[in-house]
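Q: Please take a close look at one part of this protein for me: the open sheet of six strands and the helices that lie across it. Then set that part beside the rest of the chain.

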Amino acid sequence: MNAVIKLNSGSAPKSAIEPIVDKAVRTTMDGNTAVAHVAYRVNEVCAIYPITPSSTMAELADQWAAEGIQNIWGNIPLVQEMQSEGGASGTVHGALQSGAMTTTFTSSQGLMLMLPNMMKIAGELTSTVFHVAARSLATSALSIFGDHSDVMTVRTTGFALISSANVQEAHDTALIAEAATLEARVPFLHFFDGFRTSHELNTLDLIPDTSIREMISDDLVRAHRARALDPENPFIRGTAQNPDTFFQAREAVSPFYAKVAGIVDGAMARFAALTGRHYKLFEYEGAPDAERVLVLMGSGAETVRETVKALVARGEKVGVLQVRLYRPFSAVHFLAALPPTVGAIAVLEQTKEPGAAGEPLYLDVVATLAQGFGSGQRASMPRVIGGRYGLSSKDFTPAMAKSALDELAKRNDHNQFAGKNSFTVGIKDDVSFSSLDVENGFTIETAKTTRAVFYGLGADGTVGANKNSVKIIAEDAKQYAQGYFVYDSHKSGAQTISHLRFGPDPIRAPYLIASAGFVACHQFGFLERQDLLRVAAAGGVFLLNSPFGKDETWDELPKSVQQQIIDKKLRFFVIDASTVARDVGLGVRTNTVLQTCFFAISGVLPREEAIRHIKESIRKSYSGKGEAVVAKNFAAVDATLARLFEIKVPATATNPKDKPPIVVASAPDFVKRVTSMMLVGRGDEIPVSLIPADGTFPSGTAAFEKRNIADAVPVWEENLCIQCGQCSFVCPHSVIRARYYNEDALVGAPASFKSAPVNARGYPEARFTLQFYVEDCTGCGLCVEACPAISPREPDVKAINLADKAPLVEAERANIAFFEGLPVNDRARVDFDKVRGIQFLEPLFEFSGACAGCGETPYLKLLSQLFGDRAQIRSCLATAHRSPMRPAAHRSTVAVCR
C-alpha cells in the first residue's frame, strides 16, 4: 500500500467533534475517546480487533471512517478489522513497511498475541504507536479489569513505554508519543489504566487540529515513507543471521534508544508551547525537602499526588514522583527529579511478578539509585521498598496512599528503618502478611465537590443516563465533572454503580466515592442484599425506585435500611420509575425517569433549565431511533415530576423484618465465607487465605446467588401445556426444569405446586411438572416466544406467560424445595433424540452470568445434559464470573481460559 499523505494541505479536515476543532475546546469524554480522537487524526491505517476495555477506540475509528471524517491531512483513514489481535498486529507491520502511518488499539491477552510482530517492528526501528488500555492477564482466573500486568510483559520487545494517569494526559500523551516515535524511529506503546482511565468521563481541553498538525513534522513523515519497501528501490529487510552477526545487530540499535528520552522531553516542550500543558518524563510533586517519596505510574499517581498535596499542607515532608516514560528508563531524568533530601522511597506497582526480587519498576529504581550513588550523582542511598496495589482495578484510595507513606516513617526500637518490603495495600493478606494497615477514615475530599452514587442494573439505561448527566453538568452547568462506572463481569443484567463528582475545580480523584450526598437505588431488590446506604453522607438524599406506592414503601424497607435513613437523617424520595416507563411505552428502560428525578432533587441546575437540557440530550441520543422513541422519552420526563414523592421519615424503624439471609443455612462453608461476601458487595474484605491459590473453585456456587434481576417471570398454565420441552430447551440460564414422577410423589406438596398428567402413552399414573427458578430468571421471555401452545379462547395467552415476580417469590421458594425432592428422571429411560426428552435430563450448567437471552449458553447446557458427568468442557470464552455456573448433582469438569 503506497497511499500518499497530503502534506501541507490547505483544506480543513472534518472533525469527529463539531464544530471543527480549530481552537481549544473544553468538553467531556472518556479516556478511550480522548486517545482515539488523536490517533485517528494522525494515522492513515488503523488495524483493529476490539477487546475489553480498549474496544471503544477501535469502534470509534471504524465509525468515524464510515462517516467520512478526515485525518489532519484530509484523508479518510483505512480502518480494517481483522480476525484476531495477531492479525491486527501483522497488518500494522505490513502497513508500516509500506510507509503508511499506522496504529492499533488493544489490551491484555490481545497484546500478548501481538508480541511477535512487536519484536519485529521494534527490531526494524519502525515508527508507530500502539494505544493500550492496560488490563490484567488471565492467570489463575480471568479478569477483564485493569492493571499493568499486560504492558509489563512488553518490556523486552524494544517498544518505548509511555504512561498516562488521567483522561487529559491520555489525550495529550497520545499526540506526544506520535510526534516522538517519528523522530526516534523507536515504536511506542502508550498505555493508560483499563476502565479507571479508559472508561472514566472527565472534563478536558481538546487539542486543536492546528496544534496536532504542528506537532507532526512533514519531514519526519517523509522520512518514514522513504524507509518503506519500494519495488523502484529494492532492498531486503528481515534477514536470518548466524551467531557471528546477530549480537552486533542487537547492539546496533543502542544509540537510537539512548536518544529517546531527550526526544520525548523535546516533544513535551513543543506540546507545552502549543497548549500550555506541561509534562515531564518524571514529574515530582510535594515538599521540596521531602524525606519520604512514593514512585509510581498510571492513575494511582493521580491519587497519590492529591494525597501528597493534602499532607504537605499539614506540614509533612512527603512527595510523589510520577513516571511517564518508563522505557527507555532515563536514569539522568529520574535522579534530577528526585529531591536530594529523600531518605526513604516506596515504589508502588499495579502488577505482580511471582518469584522476582521485586516488581519491574522497583528494580529499575533500585538500580538507578545504586548507580547514581556509586557514580557520585547522589550523596546518599535512600532506603527503597516496593509494594503492590490496585491489581485488577482494586480501588486505590488516598488512605492507602497515606499508609504507604506512613510505612516509610516506621522505625524499630533501635531507631532503624523498619518499612516492610514487598508489601501490599488494599487487601488483607493473612498468608504472607504483606498487607499494610489502612486508616479508612482518612479523606481528602472537599465540600466544594458534589458526590453522587447510583445503583442500577445493566441494560436498564442507568449508566447511559449518568453519562448524559455528566455532560450536561460539565457543558451546560459549566462545572468540572467526572463519571466512573463500576461494571460486573455478569455484563447485561448485573449491577452497575455510577460514581459522579462535579464542582468548580478540576476533578482528580480516580477512586470510588466513599461518602455521597446523593444516593440512588434503581432496583428495590438491591436493598435486600447489600448495604447501599453505607456510602450515604449524613444529611444527604436517598432516591429509591420502588414498585410500592408512596404510602407503602417505608413499611417494605428492611429494618436496617429504615434505621440507616433515620440515623443519617437522610431525605427520602420515592418514585415508581418502572410504572412510569411502562406507561409511556419505554418498557424496562427507566433511565430517563430517574435522570429527571436526579436533576429535580439535586438542584445542580434550575429545574426548568435542567428539563430543557435533558430533552436536548434525549433528542441527541435517540433521534437516530426515530421520533416515536424521542416522544416516549419526552413523555417520561413530563410524567416524572408528578410521581416523585418525598417520604416523611418516622422517628423509629417500623418494619419488624430485616434483610433475609444472603444464602441458606445449608450452604457449603465456602459459599458462606466467600461467595456470600461477594454477593453483598463486600468481596474486598475477603482475606487471601480464603481464595484458592490455583483458581480451583468449588462448583455449584451460582445456585446460591439468587440475583433476582427480573421484574417479570414466566408462569405455567398447566392445562394448556403440551409438554413439548421447547421452553426449557431455549432457556439460556437453565431456570426451567421438567420432571415426570408417580402420582403418589405429590403427597405433602405445597398448595401452589402445579402438575399435570403426563400426556404421552404408557404413563397412566404419572404426573408432569414444569418448575421455574424465578429468583434466577433474567426475564428474557424466550420461553414465551418458543411456546407453541396457545389458548383457544384467549389468543394472547400461552402455556407460559410473563407475570409480576414480586407476589410469586415466596410460594415459588416452597415449590422449588419440593420439586428438588422429587426423584431425578433415569437417563436410561429418556429419549435423547427429541427435545421433548431432553427436558428431563438434568442440566449441569445452570444460572450463568450471561446476558439475558444469551444465544450461546443453551448449547453449553445442552452438552452437559447429553453427556452428563462424563463431559469435560474447556471453554476459551470469558464465561467464568465471580460465581461460576453451577454443575449440579452430577458434575462436569470445567476449565475456563481467555
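A: What follows starts with the sheet, moves to its helices, and then turns to other parts of the chain.

The model is predicted. Here is the overall frame. The protein has 27 helices and 29 strands. Its radius of gyration is 30 Å, close to the 29 Å that the globule rule gives for 898 residues, so the protein is as compact as a globular protein of that length. The C-alpha trace spans about 90 × 70 × 65 Å along the principal axes.

Now the sheet. It is open and has 6 strands, in the order β9-β11-β10-β13-β14-β15. The pairing is mixed. β9 (282–286) and β15 (423–424) are the edge strands, and each pairs on one side only. Inside the sheet, β10 (residues 292–296) and β13 (residues 344–349) run parallel and are joined by 4 bridges. To find this pair by residue, look at Val293, which stands opposite Ile345 in β13.

Two helices lie across these strands. Take α11 (residues 300–313) to begin with. α11 lies across β9, β10 and β11 (318–323). Its direction is at about 160 degrees to β11. Helix α14 (residues 398–407) lies across β10, β11, β13, β14 (383–388) and β15. Against β10, α14 runs at about 125 degrees. Both helices therefore have β10 and β11 among the strands they lie across.

How do the two helices meet? Two packed helices are described by the angle between their axes and the distance between the axes. The axes of α11 and α14 come within 9 Å and cross at roughly 70 degrees. An angle of 65 to 115 degrees counts as roughly perpendicular, and α11 and α14 therefore fall in that class. Their crossing is right-handed. On the α11 side, the contact uses Thr303, Val304, Thr307, Val308 and Leu311. On the α14 side are Pro398, Ala401, Lys402 and Leu405. By class, the residues of this contact divide into 6 nonpolar, 2 polar and 1 charged.

Next, a second sheet for comparison. This open sheet has 7 strands, ordered β3-β2-β4-β5-β7-β6-β12. Its pairing is mixed too. The edges are β3 (78–81) and β12 (325–327), each pairing on one side only. Neighbouring strands of this sheet are turned against each other by 20 degrees on average, direction ignored. At the β3 edge, β2 (residues 45–48) pairs with β3 in the parallel sense over 4 bridges. Cys46 has Val79 in β3 as its bridge partner.

Several loops deserve a stop. Past β2, the loop between β2 and α2 (55–66) holds Pro53. The peptide bond from Thr52 to Pro53 is cis, with omega near 0 degrees. Past β12, the loop between β12 and α12 (331–337) holds Pro328. Arg327 and Pro328 are joined by a cis peptide bond as well, with omega about -5 degrees. The loop between β7 (188–193) and β8 (201–206) contains Phe195. Phe195 has a positive phi of about 70 degrees although it is not a glycine.

Last, other helix pairs to hold against α11 and α14. Helix α19 (residues 591–602) and helix α21 (residues 627–640) have axes that come within 9 Å and cross at roughly 40 degrees. α19 and α21 are therefore oblique to each other. This crossing is right-handed. Thr592, Val593, Thr596 and Cys597 in α19 meet Asn633, Ala636, Val637 and Thr640 in α21. The residues here divide into 4 nonpolar, 4 polar and no charged.

α21 has another partner. The axes of helix α20 (residues 607–622) and α21 come within 9 Å and cross at roughly 155 degrees. That makes α20 roughly antiparallel to α21. The crossing is again right-handed. α20 contributes Ile611, Ile614, Lys615, Ile618, Arg619 and Tyr622 to the contact. From α21 come Glu627, Val629, Val630, Asn633, Phe634, Val637 and Asp638. This contact divides into 8 nonpolar, 1 polar and 4 charged residues.

Terms used: Residues are numbered from 1 along each chain as its sequence is written. This is a predicted model: local features need pLDDT of at least 70, side-chain atom pairs count only at pLDDT 80 or more; totals for chains, interfaces and linings use all residues. Side-chain values use heavy atoms; hydrogens and water are left out. Two strands pair if DSSP finds at least two bridges between them. Contact means heavy atoms within 4.5 Å. Axes are lines fitted to C-alpha atoms, for helices over the stretch in contact, and angles run from 0 to 180 degrees between N-to-C directions. Angles under 35 degrees count as roughly parallel, over 145 as roughly antiparallel, 65 to 115 as roughly perpendicular and the rest as oblique. A crossing is left-handed if the near helix is turned anticlockwise from the far one by less than a right angle, and right-handed if clockwise. Ala, Val, Leu, Ile, Met, Phe, Trp, Tyr, Cys and Pro count as nonpolar, Asp, Glu, Lys and Arg as charged, and the others, Gly among them, as polar. The radius of gyration is taken over C-alpha atoms; the globule rule is 2.2 Å times the number of residues to the power 0.38.
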